[in-house]
Amino acid sequence: MKIVQTGERGARTMMAMVYETYGSPEVLRIKEVDVPVLKDHEVLIEVHAASVNSWDWDLLRGKPYITRLGGLRKPRYRILGADIAGRVIAVGDAAKRFRPGEEVFGDLSGCGWGGFAEYVSASEEALTPKPAGMSFEQAAAIPQAAVLALQGMRDKGKLRKGHRVLINGAGGGVGTFAVQYAKWLGAEVTGVDSAGKLDMLLSIGADHVLDYTKDDFAASGIRYDLILDVVGSRSVFAVKHALSSGGTYVMVGGSLLRILQALLAAPLYAWLERKKLTVLVHKPNHDDQMVWKTLVEAGQVVPVIDRQYPLSDAAQALRYFGEGRAKGKIVVCMKS
């Protein structure tokens, strides 16, 4: 990194993964850009690791088109990456929660993204102290995926001990946290994904696993108290048959059509069959990140990381994510 002293904090440049147009991972470039200007309520973080989320994939391609809000013709944010872990190196005049040298992790999707870079500025409210004894790579795998799992199961699904739970798309980032959280609470967990991920799901605690290419959970006759749908691959009209009376279906991911189906059908099924259909809207939350900090420090949950890539190979990390084969999380490392 080049440093040119010009004023109190200095002007700097850094390496970052940048894109100027929507498209495949081929549009990504590693470029030298200016270090973000630090605002009063922000902290400047030296990024050690950042993980890939489905939101990064959608923003890269500009699909679905709702992701282009604020950037219809070209990306609103030149640098992707929401989930980061690193070290605070400077604080704004109004920032009070952190000091230079502290290790943090967080979800920057609510304050400008920019995690696939050597440095990023972020609101201090988006950050949480890094779990003790955990690597930066492990910490970067937590924020968005883990909080989605928590909000889907605890807040929307009202998960309780003894509940029978099914997680559709259990082998990805959100799913692997959801499996472990549900088991920690004492639920009976069935994980649905491709055959290559089933052994991993059993290793992190799933009681039962289903290969979605061979087994149709909606037609099995088994009823679940909670279905957490990370991929939204099935019609809600089919999925509701797998819900017990009083059960809850929570859609975390899926196409706009599937989301609309769930929203429109929800009042009818709530009235006729006492089955709740709901869609989770992601809300970055410091308190929820603290829940996961406590769980991982206690050894109750372990982030599942499939592959790690250096920043120079960040495009390959996005390409691998887009193939849908990742077991757990994919992490981009800024520090070798």
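1. W113 is buried, its relative accessible area being 4%. The cut-off for that label is under 20%. The residue sits in the loop that joins strand 6 (103-107) to strand 7 (119-123). Its phi is positive, near 60 degrees, although W113 is not a glycine. The model is a predicted one, and the backbone of W113 can be checked in the structure above with that in mind.

2. K158 is another residue to look at for its backbone. It has a positive phi of about 50 degrees and is not a glycine. K158 lies in the loop between helix 3 and strand 9 (164-168). Is K158 buried, partly exposed or exposed? It counts as partly exposed, because its relative accessibility is 45% and that class covers what falls between 20% and 50%.

3. On the chain as a whole: it has 336 residues, and 54% of them count as buried. The secondary structure consists of 9 helices and 16 strands. Of the contacts between residues at least 6 apart in sequence, 68% join residues at least 24 apart. The accessible surface is about 15,000 Å², and carbon and sulfur atoms account for 53% of that area.

4. Helix 1 covers residues 54-61, and its buried residues are D56, W57, D58, L59 and L60. What do these buried residues pack against? Their partners are strand 4 (42-51) and helix 9 (314-322). After helix 1 comes G62, which has a positive phi near 70 degrees.

5. The packing of helix 1 on helix 9 can be described further. The two axes are 10 Å apart and the packing angle is about 105 degrees. Helix 1 is therefore roughly perpendicular to helix 9, since angles from 65 to 115 degrees are classed that way. From helix 1, the contact uses S54, D56, W57 and L60; from helix 9, it uses L318, F321 and G322. By class, these residues divide into 4 nonpolar, 2 polar and 1 charged.

6. Helix 3 (residues 143-156) has its own packing partner in helix 4 (residues 173-185): their axes come within 8 Å and cross at roughly 50 degrees. That angle makes helix 3 oblique to helix 4. The crossing is right-handed. Helix 3 supplies A145, A146, L148, A149, L150, M153 and R154 to the contact, while helix 4 supplies G173, V174, F177, A178, Y181 and A182. The residues of this contact comprise 11 nonpolar, 1 polar and 1 charged.

7. Helix 3 also packs on helix 8 (residues 286-297). Here the axes come within 9 Å and the crossing angle is roughly 100 degrees, so helix 3 is roughly perpendicular to helix 8. On the helix 3 side the contact residues are P143, A146, V147, A149, L150, Q151 and R154, and they meet D288, Q289, V291 and W292 of helix 8. This contact has 7 nonpolar, 2 polar and 2 charged residues. Comparing the lists for the two contacts of helix 3, A146, A149, L150 and R154 appear in both.

8. V189 belongs to strand 10 (residues 188-193). It counts as buried because its relative accessibility is 0%. What does V189 touch, leaving aside neighbours within four places in sequence? Its contacts are V165, I167, V179, A182, K183, A206, D207 and H208. One of these, A182, is also among the helix 4 residues that meet helix 3. A178 is another helix 4 residue in that helix contact; its C-alpha atom is separated from that of V189 by 9.4 Å, with the two positions 11 residues apart along the chain counted as their separation.

9. G86 is placed in strand 5 (residues 83-91). Its relative accessibility is 0%, so G86 counts as buried. Not counting residues up to four places away in sequence, G86 touches I45, E46, V47, H48, E102, E103, V104 and F136. The C-alpha atoms of G86 and A140 are 8.4 Å apart, although the two residues are 54 apart in sequence.

How values were computed. Residues numbered from 1 in each chain as written. Predicted model: local features only at pLDDT ≥ 70, side-chain atom pairs only at ≥ 80, totals over all residues. Heavy atoms only, no water. Axes fitted to C-alpha atoms, helices over the stretch in contact; angles between N-to-C directions. Parallel < 35°, antiparallel > 145°, perpendicular 65-115°, else oblique. Left-handed = near helix turned anticlockwise from the far one by under 90°. Contact = heavy atoms within 4.5 Å. Nonpolar A, V, L, I, M, F, W, Y, C, P; charged D, E, K, R; others polar. Buried < 20%, exposed > 50% of the residue type's maximum accessible area, 1.4 Å probe, protein only. Areas by Shrake-Rupley, 256 points an atom, 1.4 Å probe, with all protein chains shown as cover.
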